[in-house]
Amino acid sequence: MAQRNIFPRLVPYFFLIGPLILYLIWVIGPMFYTIYLSFTNWDGVSSPALIGWRNYQKLFRDPVFYISLGNNLRWMVCFITIPVVGGLALALTLNRNIPGAKFFKTSFYAPMVLSLVVCGLIWSWMYHPAKGLINETFRAVGLDSLAQGWLSDRRLVMWAIIAVGIWRQVGYVMVLYLAGLQGIDPTYVDASRVDGCNSWQTIWHVILPLLSPVTVVVVVISIIDSLRAFDLVSVMTRGGPYYSSSVLANFMYIEAFNNYKMGYGASISVILFLLSAVFIFIYLWRVLKTELEY
Amino acid sequence: MKRYMFPLLAVVTVLTMVVACQPQTVTVPVEKRVEVPVQQTVEVERIVAKRVVIYNSYMSDPAPREADAALVRMFEEEHPDIDVIHSTIAHEDFKQAIRAYLTASTPPDVMTWFAGNRARFFIDKGLIMDISDVWEKEGWNESYPKGFRALSTVNDKQYFLPASWYWWAVYYRKDIFDQYGLKPPQTWDEFLQVCETLKKNGITPITIGTKYPWTAAGWFDYLNMRVNGPEFHINLMLGKERYDDPRVKRVFTDYWAPLIQKGYFLEDAAAYTWSEALQFMIEGKAAMYLMGDFLRDSYPDELEGNLDFFRFPIIDPKMPIGEEAPTDGFFIAANSQHPEEAKLFLAFLGSVKAQQYFADTLGRLPTNMGVDTSKFTPMQKKGLELIQGADYVSQFYDRDTTPEMAEKGMAGFMEFWDNPDKIDDILARLEAARQEIFAGQ
């Protein structure tokens with residue numbers, strides 16, 4: 001009897017063996033190897049020699065590290081505010097049966113279908129100082145002073161890149177909220193109407209609280225996306241001019257694969273991993289918790 | 001029964017997976033073990049008839065790739081008993097993969113690479129084979145110019161075969177110069193005069209795209225060589241001179257900064273790649289471009305009649321003249337498994353026949369002095385004269401110094417471009433970087 005009870009419980013683990021082995025080889029193994037490398041001076045040619053905490057000491061003195069970290073933080077702040085608010089507003093608007101809602105939903109989601117590299121290239125052309133769509137438009141309407149070197153001015157470049165990220169992210173957040181709105185029982189909304197709420201009160205007191213699990217997921221995903229930002233920077237500026245648009249992932253890539261400082265690059269990725277891990281754990285904890293509720 | 005169906009199915013699935021996996025994981029080595037003798041027996045048969053040399057090349061652009069393959073065919077025709085296993089790897093990928101190739105127990109035998117410091121790094125680590133005997137046997141010590149021989153030599157031994165090179169110069173639009181009655185400047189004052197005239201007439205004097213900042217490094221190389229001489233420049237590249245030396249600062253404050261502050265360079269240069277910046281010259285909005293000869297590959301053929309180049313203007317006439325002439329070539333991996341064949345192949349690549357073919361099909365300049373230059377285009381001849389008139393030939397900033405120093409240095413140049421006043425700060429930081437980077441070498 002006892003055997004028969006245990007057996008079905010073990011079944012999922014049989015299925016998991018295959019993927020787990022692959023996961024160990026391709027994800028967990030390299031992760032620990034990277035941590036090991038971060039304590040070495042490996043240059044890709046010589047055999048790695050352990051150098052203790054030297055990479056980390058150098059990292060914490062490196063101004064480029066702080067520039068990159070600061071840019072990641074800016075990215076994060078922008079990502080958890082603008083796309084979340086914008087996506088929610090779009091979702092609330094398009095969730096009603098207004099004419100053309102499907103068209104707008106599709107249009108706003110469309111950038112998400114493009115790879116980040118393609119987005120970066122398209123926007124590089126739009127930002128082109130002499131012939132780009134943006135500057136040409138400003139010049140056409142006589143606002144010449146607003147025409148900027150979007151990707152060459154160190155004060156603007158980071159915001160110009162983040163704007164592209166937001167442009168792509170809004171549609172994604174919108175879809176997540178739309179899915180959340182579909183899950184809200186209409187009787188709650190009806191009940192609030194019966195109790196005399198106006199639209200604003202319904203949104204504020206009924207819909208938003210019911211959407212809060214979605215909001216947590218959205219915020220955490222946005223944070224993780226902002227930490228792993230790499231593609232746009234790499235395509236649009238490669239971190240330039242002089243590191244002013246550098247983010248941690250791009251900084252790591254240049255140190256490891258351009259400067260051949262594999263050990264130093266590994267230490268950057270360990271820091272990036274620790275930062276991401278905090279938010280990933282929050283996310284997983286939240287997801288598991290909501291799953292249990294059902 | 002139904003209750004048992006699912007677990008049963010699961011067990012069966014897992015078992016099939018295990019069974020399916022096991023033979024694979026177990027037999028992979030077995031299969032290899034079977035395969036290797038098979039290959040070896042083939043090779044044993046071949047040793048009588050056919051020998052092998054493995055050649056990895058980064059000539060991945062269409063035209064060089066074709067010429068490269070043609071060279072391999074020519075060699076195989078000359079040596080019917082040798083088989084060249086030829087792989088072409090994308091240029092950027094090759095730069096990262098070479099470290100794995102060189103440290104492998106069975107590396108490719110012959111590889112393409114950059115002459116100078118980039119090769120020196122591997123030579124010092126003992127990863128590149130001494131080929132002094134090939135130099136001696138092929139008479140290259142006589143048929144190659146001294147500069148190229150020096151470029152291949154470490155401690156009196158030759159390790160490298162320089163095979164082709166191109167020159168750097170200031171390219172300019174002849175028609176624009178004619179329109180404003182300008183002549184190619186030879187001195188710094190004349191150069192500033194040309195810039196001023198162009199600027200006054202609404203033409204951007206100098207175009208440049210610094211999205212990838214190596215283009216700015218070209219300006220640093222030339223200004224430093226013209227102001228402080230090539231010897232000082234190369235010592236700086238090797239980490240033997242200080243970045244906060246007042247001589248270095250002079251390059252920035254006295255020569256580079258005025259060009260930036262007077263607006264002689266293209267506006268928003270940091271937004272463009274080098275080829276995007278070339279558009280302004282093609283459209284006639286900019287007049288000059290300090291660039292390598294590969295600029296002509298991207299220049300429309302029908303407009304090339306308007307294109308010419310001049311030597312970077314002389315600043316201090318007392319200084320020897322240094323020119324940039326990045327050189328590509330070949331080497332043999334130190335633990336090559338087929339050293340005899342590799343040396344034969346290398347000897348062919350450095351021969352007059354191979355170099356002549358390469359020069360004629362690609363328009364690159366050959367290193368072997370035996371190559372017949374009578375059929376060269378006027379541009380090629382002029383480039384050849386430009387470099388032959390130089391006292392010293394440098395490779396380029398990111399080839400002459402270490403990759404990390406180059407990365408930091410070029411970022412410093414870009415920061416200076418934005419804030420010429422912060423030069424003291426920037427040079428102090430570069431000096432700190434230099435001390436750290438060259439400390440271990």
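Me: Helices (runs of H or I, at least four residues) and strands (runs of E, at least two) come from DSSP and are numbered from the N terminus. With that settled, between which helix and which strand of chain B does the loop with B:Pro107 lie?

Reply: One thing up front: this is a predicted model, where local features need pLDDT of at least 70, side-chain atom pairs count only at pLDDT 80 or more, and totals for chains, interfaces and linings use all residues. Residues are numbered from 1 along each chain as its sequence is written, while chains are lettered from A and ligands numbered from 1 in the order in which they are written. As for B:Pro107, its loop runs between helix 3 (91–103) and strand 3 (110–114) of chain B.

Me: Is B:Pro107 buried or exposed?

Reply: A residue is buried if 20 or more other C-beta atoms, placed from the backbone, lie within 10 Å of its own, exposed if 12 or fewer do, and partly exposed in between. B:Pro107 has 21 such atoms within 10 Å, so it counts as buried.

Me: Which residue that B:Pro107 touches is 228 residues apart from it in sequence?

Reply: Contact here means C-beta atoms, placed from the backbone, within 7 Å. Leaving out residues up to four places away in sequence, B:Pro107 touches B:Tyr101, B:Leu102, B:Ala333, B:Asn335 and B:Ser336. The one 228 residues off, at 7.0 Å from C-alpha to C-alpha, is B:Asn335.

Me: Which strands stand at the edges of the open four-stranded sheet in chain B?

Reply: Strands pair if DSSP finds at least two bridges between them. This sheet has the order 8-9-7-10, with mixed pairing. Each edge strand has a single partner, so one side of it is left without a neighbour in the sheet; these are strand 8 (204–206) and strand 10 (307–310).

Me: And which residue stands opposite B:Thr204?

Reply: Strand 8 of chain B runs parallel to strand 9 (residues 286–292) of chain B, and two bridges join them. Opposite B:Thr204, in strand 9, stands B:Ala286.

Me: Over to the contact between the chains: which element gives the largest share of the side of chain A that touches chain B?

Reply: Chain A puts in 28 residues and chain B 24. On the chain A side, the elements giving two or more residues are helix 1 (2–37) and helix 11 (248–258) of chain A. The largest share, seven residues, comes from helix 1 of chain A.

Methods:
Contact = placed C-beta atoms within 7 Å.
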